[in-house]
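Subject: Structure handover and findings

Dear colleague,

I am passing on to you the structure we spoke of, with its sequence, so that you can have it open while you read. My notes on it come directly afterwards.

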Amino acid sequence: MSWLWAIIVGLVLGLIAKAILPGKQQIPLWLTTVFGILGSVLGNAVATWIGVNDTKGIDWTRHLLQLIGAVAVVGVGDMLWASLKGNRRRA
């Protein structure tokens with residue numbers, strides 16, 4: 001997978017993850033993309049681990065695992081970003 005494709009998929013997964021999560025996330029767009037890429041990698045790792053990473057046709061299970069990974073990474077990353085951003089304001 002090329003870097004451009006990874007960035008596009010990361011952006012799309014990150015934006016979908018932000019739409020799924022309740023409330024407003026404070027992370028910027030560039031960090032949403034990075035978290036989406038990390039979630040995609042995490043989902044691919046889980047798909048490989050359970051043996052569904054390469055099937056005939058569209059890999060719906062792998063894509064669902066990528067989305068679940070992106071939701072998890074964006075959710076945790078947003079909490080970390082908010083705590084770091086909050087600590088900077090207090091200093």
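What follows goes from the whole chain to the helix contact, the core, the aromatic pair and a few single residues.

Please keep in mind throughout that this is a predicted model. The protein chain holds three helices and zero strands, and from the N terminus on its elements run α-α-α. Along the principal axes, the C-alpha trace spans about 55 × 25 × 20 Å. Of the 91 residues in the chain, 33% count as buried. Among the contacts with a separation of 6 or more, 63% are accounted for by residues 24 or more positions apart.

The contact between the helices α1 and α2 may be a good place to begin. The axes of helix α1 (residues 3-20) and α2 come within 7 Å of one another and cross at roughly 100 degrees, which makes α1 roughly perpendicular to α2, given that angles of 65 to 115 degrees fall in that class. On the α1 side the residues that meet α2 are Ala6, Ile7, Val9, Gly10, Leu11, Leu13, Gly14, Leu15 and Lys18, and their counterparts in α2 are Leu29, Thr32, Thr33, Gly36, Ile37 and Ser40. The residues of this contact divide into eight nonpolar, six polar and one charged.

Thr33 deserves a closer look within that contact. Thr33 sits in helix α2, which covers residues 29-50, and, residues up to four places away in sequence not being counted, Thr33 touches Ile7, Gly10 and Leu11. Thr33 has a relative accessible area of 13%, and because buried means under 20%, Thr33 is classed as buried.

Turning to the core, the largest nonpolar core has 11 residues in all, namely Val9, Leu13, Ala17, Leu21, Ile27, Leu31, Phe35, Ala70, Val71, Val73 and Val74. The elements that give two or more residues to this core are α1, α2 and α3 (60-90), and the largest share, four residues, comes from α3. As general background, nonpolar side chains in soluble globular proteins tend to be buried together.

Two of these core residues can be followed through their contacts. Val74, leaving aside its neighbours within four places in sequence, is in contact with Gly14, Ala17, Lys18, Leu21, Ile27 and Phe35. Val73, which lies in helix α3, is in contact with Phe35, Leu38, Gly39 and Leu42 when its neighbours within four places are likewise left aside. Val73 and Gly14 are 59 residues apart in sequence, while their C-alpha atoms are 9.0 Å apart in space.

How many aromatic pairs does the model hold? The count comes to one. The partners are Trp30 and Trp81, whose centres are 6.4 Å apart and whose planes stand at 85 degrees; since over 60 degrees counts as edge-to-face, the pair is placed in that class. The pair links distant parts of the chain, with Trp30 in helix α2 and Trp81 in helix α3, 51 residues apart. Are the two partners buried or exposed? Trp30 has a relative accessible area of 53% and is exposed, because the limit for that class is over 50%. Trp81, at 23% relative accessibility, counts as partly exposed, because this value lies between the limits of 20% and 50%.

Two further residues of helix α3 complete my notes. Val76 is placed in helix α3 and is partly exposed, with a relative accessible area of 44%. The C-alpha atoms of Val76 and Phe35 are separated by 9.5 Å, although the two residues are 41 residues apart along the chain. Lys85 is also placed in helix α3 and, at 32% relative accessibility, counts as partly exposed. Lys85 and Ile27 are 58 residues apart in sequence and 9.8 Å apart in space, C-alpha to C-alpha.

With kind regards

Definitions and conventions. Residues numbered from 1 in each chain as written. Predicted model: local features only at pLDDT ≥ 70, side-chain atom pairs only at ≥ 80, totals over all residues. Heavy atoms only, no water. Buried < 20%, exposed > 50% of the residue type's maximum accessible area, 1.4 Å probe, protein only. Contact = heavy atoms within 4.5 Å. Axes fitted to C-alpha atoms, helices over the stretch in contact; angles between N-to-C directions. Parallel < 35°, antiparallel > 145°, perpendicular 65-115°, else oblique. Nonpolar A, V, L, I, M, F, W, Y, C, P; charged D, E, K, R; others polar. Core = buried A, V, L, I, M, F, W, Y, C linked by side-chain atoms within 4.5 Å. Phe/Tyr/Trp six-rings, centres within 6.5 Å; stacked < 30°, edge-to-face > 60°.
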